[in-house]
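Modeller: I'd like to learn how to read the sheets and the ligand site in a model like this one. Where do we start?

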Amino acid sequence: MVKQTDSATAAQAASGGTPLDVVVVGAGFAGLYMLHRLRQVGLRACAFERGDDVGGVWYWNRYPGARCDVESMQYSYSFSDELQQQWRWGERFAGQPELLDYARHVAERFDLRRDIRFGTAVKAAHYNQASALWEVCTDRGERLRARFCIMATGCLSASRMPDIEGIADYQGKHYHTGRWPHEGVDFSGQRVGVIGTGSSGIQAIPMLAQQAQQLLVFQRTANFSVPARNAPMDDAYERSWKDHYPALRERARVDTTSGTIYEKSARKAVEAPAHERQREFERRWEKGGVNFMHAFNDLMVDARSNETAADFVRAQIRAIVRDPAVAELLAPKDHPIGTKRICVDSDYFETYNRDNVRLIDLRTEPIERITATGLQTGRSHYPLDAIVFATGYDAMTGALLGIDIRGRSGARLSEHWAGGPRSYLGLMAAGFPNLFTITGPGSPSVLSNMIFAIEQHVEWITDCMVWMRDKGHDSIEAEVAAQDDWVAHVNQVADATLFNQANSWYLGANVPGKARVFMPYTGGVVAYRQKCDAVADSAYQGFRFERVPAKPAGAANTQDVDL
Ligand code: NA7
């Protein structure tokens, strides 16, 4: 393994010939911190980023209303106390522009840009068994070799256009929330259609309604949403976090299920008297945010308890939305609350009281096709000047499988994962040595605070690489048995929850033909971290290590790889 640290730019690294220690794919929050840690331990790395700047999901998702659903004081890096003390969040829940500023600030503060190649997508990554090197190829035709390949590609980065006939014929403008134009869009005076009422649609709809002349919302599935009660950052609240950050970050690590501190409850909803339950739901509804789902400790495991929370939210919707027929359509009835990611909104249900907003129920009039001038359902043709697709992502695996990844003996990751992702700890797939996935399927990832999850993975991966360097190992690979046991465990803990009862993107249910497997780990971040730490402490049980045999002088330690 190369040991020197230098400030080689990505460009030099790409052309320099000497294999790098690490190639990182992606420069969102995961890629940025990964690069920083690698430098700190003296490993040479470069990152490729298909966007023209850092920020990942917050670089692409510029739709109006885009906002994080974890509070700013917690959706932030903890690795640098100076950073967390000095950075000032403007709002309780940061919006996309502020989050992008934060990512840029981190890149500058830690001088990360010089090792990031922007506007460059990795197309292929093939493992060369003889040299134990990854050979990586980009859409700009660059090729480089590195000992490790780290996928920091994000869980929600492969946006999906729906398979609706006629999109190509449409003569108006159309946009996907996950690929929003950087210059913004002015919808003034337009008839706008939105397809999709997940988090993105629910955030965008109130903003679009303020601009558009008429907004038509095409809803297939009604979603549960709780109010954010977003507000400018309260100085005293900010101070209370900053004064106690070390203790609070530690609490997030050892005493939460998701890495975010919520107000926990020791009570079961089914055991609470109805009036107390109601009072508790009301109190949390008024406070805002996902805290609502922590009102009782059995909401995600007991269907009866879950129903009490769902009933409460449906009652709120009926109270907010003036037209009872519209309220009924907006009240979700086909899945337990929280089994599709709970949405956090600002005036979403209130928006349906506006005269210029209309809800179209796709369950009674399914979309037939998009025409040159609008959208045809089974009942009507709706003329539209613009269509916003808030139709989601090929989550968790989409970005990874969008790259031609081949491991030992040329095995393709897409084939290894054809029946659903298989990975040990969500970190490594058997047969793919030296390929790490940050917040990969099989880890808590999207069920946790993403920055929290990223920090844990980055630190674990870095420690592992340093350990390998000290021991003289060239490759690490998950053992098949360890991987299979972990996958079985992930499924088992998911089966003990209500999560499987919804057709969610957690299960891949939103992508036709995708294997139906529950992808994130529901066992909680504490159990997960303990497992990862125990594996590391036991000299990485479940992984095996190899050293590349030394070649005679003059012989290249490589073989041709067809990229
Ligand atoms: P989601 O949560 O996957 O939501 C996508 C929405 O688009 C959802 O309401 C879908 O309805 C709808 N959809 C998808 N395809 C179609 C078609 N063909 N016709 C009609 N409606 C369709 O994506 P988001 O971007 O909102 O949020 C993703 C995550 O990002 C979110 O959970 C947060 O973690 C941040 P369906 O429910 O499938 O009936």
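Biologist: With vocabulary: two strands pair if DSSP finds at least two bridges between them. Strands here are DSSP E runs of at least two residues, and helices are H or I runs of at least four, numbered from the N terminus. This is a predicted model, where local features need pLDDT of at least 70 and side-chain atom pairs pLDDT 80 or more, while totals for chains, interfaces and linings use all residues. Residues are numbered from 1 along each chain as its sequence is written, and side-chain values use heavy atoms, leaving out hydrogens and water.

Modeller: Which bridge partner does Arg-369 have in S14?

Biologist: That would be Gln-376. Generally, strands of a sheet pair through backbone hydrogen bonds, either parallel or antiparallel. Here S13 and strand S14 (residues 374-377) run antiparallel, joined by three bridges. They belong to an open, antiparallel sheet of three strands, ordered S13-S14-S15. Strand S13 (367-370) and strand S15 (381-383) are its edges, each pairing on one side only. Ignoring direction, neighbouring strands of this sheet are turned by 20 degrees on average (axes are lines fitted to C-alpha atoms, for helices over the stretch in contact; angles run from 0 to 180 degrees between N-to-C directions).

Modeller: And in what order do the five strands of the parallel sheet come?

Biologist: S7-S16-S8-S9-S12, again an open sheet. Strand S7 (173-176) and strand S12 (357-361) each have a single partner, so one side of each lacks a neighbour in the sheet. From one strand to the next, the twist averages 20 degrees.

Modeller: How many bridges link S8 and S16?

Biologist: Four, between strand S8 (residues 191-195) and strand S16 (residues 386-389), in the parallel sense. One example is Val-194, whose bridge partner in S16 is Val-388. Helix H6 (residues 199-211) packs on this sheet and touches S8, strand S9 (214-219), S12 and S16, with contact meaning heavy atoms within 4.5 Å. The direction of H6 makes about 155 degrees with that of S9.

Modeller: Now the ligand: which residues come nearest?

Biologist: Of the 18 residues around the ligand, those are Ser-200, Arg-220, Thr-221, Lys-340 and Arg-341; being near takes a heavy atom within 4 Å.

Modeller: Which ligand distances should I look at for Ser-199, Ser-200 and Ala-390?

Biologist: Look for pairs of N or O atoms within 3.5 Å. A polar side-chain atom of Ser-200 is 2.6 Å from a ligand oxygen. A backbone N or O atom of Ser-199 lies 2.9 Å from an oxygen atom of the ligand, and a polar backbone atom of Ala-390 is 3.2 Å from a ligand oxygen.

Note on methods. Polar contact = N/O pair within 3.5 Å; in protein donor to acceptor, adjacent residues only side chain to side chain.
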